[in-house]
Amino acid sequence: MPYLRPETSDRPEADGEAGPTPDVSVVVPTFRGSASLPDLVGQLKEVFERRGLDFEIVIVNDSSPDDTWSVVEALAGDDDRIVGIDLLNNHGQPTATMCG
């Protein structure tokens, strides 16, 4: 079962109100991705912002044994356009992608 970061409860979408639909939504499944996630997210944000696109990045941690989830929490805590999902068991890349 996925875990959405708790900070989402203060978003309008969490109260049943539909928020604006982003131009682009990217799902990033990850396993042991703590070292590469900050650079990847930074590059994605740079491209979308340069093009003037409204976007969201959904990072799905596929039960990584390292500190990937803490990196996801930090990235999501710094930017409301980033959402984290933490899978409690490893399901593999296709399932992690579908969870996003």
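Which residues are linked in a network of salt bridges? In this predicted model, the network is made up of K45, E49, D79 and R81. The count of salt bridges comes to four.

The pair K45 and D79 forms a salt bridge in which the closest N and O atoms are 3.0 Å apart. K45 belongs to helix α1 (residues 37–50), whereas D79 sits in the loop between α2 (68–78) and β4 (82–87), so this salt bridge ties together parts that are 34 residues apart in sequence. The relative accessible area of K45 is 22%, and the residue is partly exposed. D79, by contrast, counts as buried, with a relative accessibility of 7%. The two residues thus fall on either side of the 20% cut-off, under which a residue is classed as buried.

A salt bridge also joins the side chains of E49 and R81, with an N to O distance of 2.8 Å. E49 lies in helix α1 and R81 in the loop between α2 and β4; the pair therefore ties together parts that are 32 residues apart in sequence. Both residues are partly exposed, E49 at 44% relative accessibility and R81 with a relative accessible area of 28%.

Within the loop between α2 and β4, D79 and R81 are themselves paired: D79 forms a salt bridge with R81, and the closest N and O atoms are 2.8 Å apart. D79 is thus bridged to K45 as well as to R81, and R81 is bridged to E49 as well as to D79. These contacts connect residues of helix α1, K45 and E49, with residues of the loop, D79 and R81.

Key. Residues numbered from 1 in each chain as written. Predicted model: local features only at pLDDT ≥ 70, side-chain atom pairs only at ≥ 80, totals over all residues. Heavy atoms only, no water. Helix = DSSP H or I, 4+ residues; strand = E, 2+ residues; numbered from the N terminus. Buried < 20%, exposed > 50% of the residue type's maximum accessible area, 1.4 Å probe, protein only.
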